[in-house]
Amino acid sequence: MKNTADDNDFFARGSSSWTSVIPRTAHNDIFLNADYASTSLGPIADWGHALRLYATMALSDNRGAIVYWGPDKVAFYNAKAVECLQGVHPFLMGRSYHEVFPELSQSLAPQLEHAAANGETVEMDNILLFLERNGYPEEAYVVGQFIPIRGDSGTVEGWYNTVTESTAQVLFERRRRVVDRIAAIPPLPVAETLSMFVDALRLNPYDITAALLYSFDELAPQGAANLHLHGSIGIPEGHRIAPPEAHLETGQNGLVPWFRRALLTGKPHVLKTTEVAIRELCEGISWCGYGESSRDLVICPLAISGNVLGFLVQGANPRRPYDETMENSIVDATRQMEVKWINAIAAQQAKLRELVLEQRATDSESRLRHMAHHAPMGMCQIGTDHKIQFANDQFYEITGHDRSKPDLSEFRKSLAADERDRSLQTAEGLLSGDTRIVQEIRLERRWTPPVEEHSNAAPINAWMHVIAFPLMEDGKPKLLMAYVSDISHQKWAEDVQTRTAAAATLAKRRQEEFIDVTSHEMRNPLSAITQLADGIARSAHTTPGPDESEAWRDVVQENAAAAGTILACAAHQKRIIDDVLMLSRLESHMLSIAPVIAQPSKVVANTIRMFDGEAEMTGTKIEIVKEESHGKWAVDWMLLDTSRLTQILINLISNAIKFTAAQPERNIKVVFGQLPQRPQQLDTPFGDVDWSPPKDPGRSNTALPELKRDEEELYLYFYVQDTGLGVTPDQRGRLFKRFSQATAKTHIAYGGSGLGLYICRELAEKQGGGVGVASHSGKGSAFAFYIETRAAPAPAHLLPPGTPSSGLGLLPGEHVVGPGLANAPQPPPPPDGASQQPRQGPLHILLVEDNLVNQRVLAKQLRTLAKCTVTVANHGAEALGILARTANWRGGGRKPLETSKDQAYEPATIPRVDVVLMDVEMPVMDGLACSRRIRGKEAEGLLVGGGERLPIIAVTANVRREQQEMAVAAGVDSVLSKPFTVGEVMARIGEVLGEAGGRWR
């Protein structure tokens, strides 16, 4: 039988069934319904292997991801990318990149061609896009990559484009340049300082589309103009919105009335240009940036401690919303202006004294003192004797210095130790002739970030921004003046941003490494499967003659060995996929623990049975050892989440087989037992287990019921002992971590994704347990774990008649589950006597399967290997019609279950069906609907099976717990997940029929 990659539904040519793995969301429906047939990609059913893989990968990517495929670069993308595709979504889906982004296509074409030739990634840094978000084209920036991806031909056939919006960072840097330019203005006269303010505002024409800067003269004569225009941007001279002079208290021209409103609040005041009065005032303005009228005009009063310095008017970016970040950038700029304005005023104090203080000496001195004490920064004066002569309250608050100690040597103790020498050199330099210094200095004072999520973080050193200069008289410094502002928040934010960027870079690198490893682990066995299947297929053309029986035997043995290897490769791929899916559920917090009544010994035995073929192929001996428990702790039935327990055992046993395969002695022991308390020490042949520190020391299995009054805790422990290479003490520290293996060479020598032990740890800790290891390098290892559980009685249908309750507070047969499955339906127990009557003759199986390949293969194996009678139905409706013609039907002359109109059936023309193997996803009628109809007819007495109930086993790739619950609710007795072997099918049939120890095992 030909067995190629195309036999897999995912890779089946001409079939779109591969899209069944894609979650059905509104966005994914747009992807699936796009008209690819009219493009170079062709119909979605004809897509090649590589394109299907890239499509599923892109739709699963948690980043924005776009795939451009083929010479026309036809696009499809995931829902996350829509955030960066506003205005072109869903138009872009299934269309050419050149058609949707013609300008960007031309600019990037040379880079993409060069990268395609060399297999290099093209980085996109802050690409400007205009996205329709709030009813207008909003300015946005994205960063990402164009990663060349290869098709089935092995050549570059497309691009994997990751996109992340970087608008916030670009706007922050652009707006910060204005603030930094203002902060860098040297001490100058007021007029020159104001002129440089306007020059600094011109650096950002996109966010400052127009501007007006007015100064306020509080010393102007009564009735005279006290507002003076010092500069403008984008506003023609003589425009009515910008009168050269005005009176603040009484003026009605220009924006003066709104100046008064802004002064009352002391905050930026926003005017909407859509208002008639404002729109008329703005006519004739030459808007900078995009040349569009701003939607918002912002008026900012410039004042310190109630002393008005002036007003700044600026037009806001018309292609960005006026939000908190824009307002903060405006506030930052105005604060710097106020500081520089004060500096300029301070530089002119000598002249002001000569002109003004003669008349208002006392009043002016009082005002300056008042301004200093209420300034938004610290101020101080230091004499040539190295003592603080004056400092305001803000100075002492910012520096943390004791105001009772004016000596500069004492002040230096308030600085961080590594800053003190630099501070001394700075002071000496200023006293020796240096004109001015600007520094950021770390303080000894501790500062705690003022946000709740960082409230538990350790306090950090506070920071201050210092501007210091000497006051000169007769060419000599008379004293030093300094302004200090607290920049602790800014420095902390910069540190957080740096650490966040580093963490994002590390996460990206780890994700790329994970994709590489997973791809490698999936492709290697796929290559082996392809080659072995090709060898089996070719053996039909090179077989010996009919008389060469020995040669025929060799061919059969070679094909059997190849088939065994294919099964091992498929099992390896399944484990990799299970690990990836489990990691996804863990990281999305969708994993729940649902305990049911089970026997640990049976879970262990069933798990080991999964490795029979692999163990036989590698010559590995696997042994089960149950350590004895005594007294009331000798419990056989417990509350366990069997699927999570099986997952941990599978990962540990598969690791043990892998690492012992090359050893001369290949022995594995699975040891388990019970303890009444959490195991602090666990003795193994390699010494005590070194337990991995848990993430939550107070963890518990919250899915378990609360302990009853006389009930005590119960823990179940396991360890998998092997004769492999062992691990060194240094290597142990790298175990049980995400994407981590014992050494960097482990993946090269043994493969693996580095997820197995991490998943074991997560699953164990979610069940109130932990993981650990004991090992001797060169001799072997024992990987251990334990979980919290509860004792439980055996289910009622497994107890002999008259058996009393176990005394554990549960009635026999009570089905205890965790909170996640409290209302989930459970399959009924086997009917009385079902497990007592051995079956005679071949088993009659009704196989309901729509896939012809799966149908043909499974039916043949059941007939030839299991010696069963098999009847095949293509969908649920056909299965119902077949059942109506079997000995199971008791409907007499009544119309059968689901037939077409007046079609008649002769009863009992087909032998009695013993069990139904039911696929779930089928046309016409799916498996769940069919199961409901069967149970309905059983309730009416029209259909019977063994024990008055026809056993139904669902065979499906839908293996999530919610999907299994839906199947059980529909009347299914058991769920068998694909892929599976005929041996696993027969074992499950034996369990359902109550013959697990008999002929069907």
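In this predicted model, the lining of the second largest pocket divides into 18 nonpolar, eleven polar and eleven charged residues. The pocket itself has a volume of about 1,500 Å³. Its lining comprises 40 residues, and those nearest the centre are F172, R176, V179, D332 and Q490. Two or more lining residues come from each of α5, α9 (324-347), β14, β15, β16 and α14 (488-539). Of the contributors to this second largest pocket, α9 gives the most, with ten residues.

Helix α5 offers a natural way from this pocket to a neighbouring topic, the sheet. Spanning residues 167-183, α5 lies across β3, β4 (137-150) and β5 (156-165), and runs at about 125 degrees to β4. These three strands belong to an open sheet of five strands, in which the order is β2-β1-β5-β4-β3 and the pairing is antiparallel. The edges are held by β2 (74-77) and β3 (122-132); each has a single partner strand, so one side of each is left without a neighbour in the sheet. On average, neighbouring strands here are turned by 30 degrees against each other, direction ignored. At the β2 edge, strand β1 (residues 64-69) pairs with β2 over four bridges in the antiparallel sense. Within this pair, Y68 is placed opposite A75 of β2.

Turning to enclosed spaces, the model has six cavities of 30 Å³ or more. The largest cavity has a volume of about 270 Å³. It is lined by 21 residues, with I382, F411, S423, V466 and A468 the closest to its centre. By class, this lining holds 17 nonpolar, three polar and one charged residues. At least two lining residues are supplied by each of β12 (378-383), α12 (408-411), α13 (420-431), β14 (437-447), β15 (460-473) and β16 (476-486). Strands β14, β15 and β16 thus appear again, as they also give two or more residues each to the lining of the second largest pocket.

A last site worth a look is E849, located in the loop between β27 (844-848) and α22 (852-864). Is this glutamate buried or exposed? With a relative accessible area of 5%, E849 counts as buried, because this value falls under the 20% cut-off. Leaving aside residues up to four places away in sequence, E849 touches N854, Q855, A873, N874, D919, M922 and K978.

Definitions and conventions:
Residues are numbered from 1 along each chain as its sequence is written. This is a predicted model: local features need pLDDT of at least 70, side-chain atom pairs count only at pLDDT 80 or more; totals for chains, interfaces and linings use all residues. Side-chain values use heavy atoms; hydrogens and water are left out. On a 1 Å grid over the protein atoms alone, a cavity is a set of points where a 1.4 Å probe fits but cannot get out, and a pocket is an open set with protein on both sides within 12 Å along at least five of seven lines; lining residues have an atom within 4 Å of a point. Grid points are joined across faces, edges and corners, and a volume is the space filled by probe spheres set on the points. Ala, Val, Leu, Ile, Met, Phe, Trp, Tyr, Cys and Pro count as nonpolar, Asp, Glu, Lys and Arg as charged, and the others, Gly among them, as polar. Buried means under 20% relative accessible area, exposed over 50%, partly exposed in between (1.4 Å probe, protein chains only). Contact means heavy atoms within 4.5 Å. Two strands pair if DSSP finds at least two bridges between them. Axes are lines fitted to C-alpha atoms, for helices over the stretch in contact, and angles run from 0 to 180 degrees between N-to-C directions.
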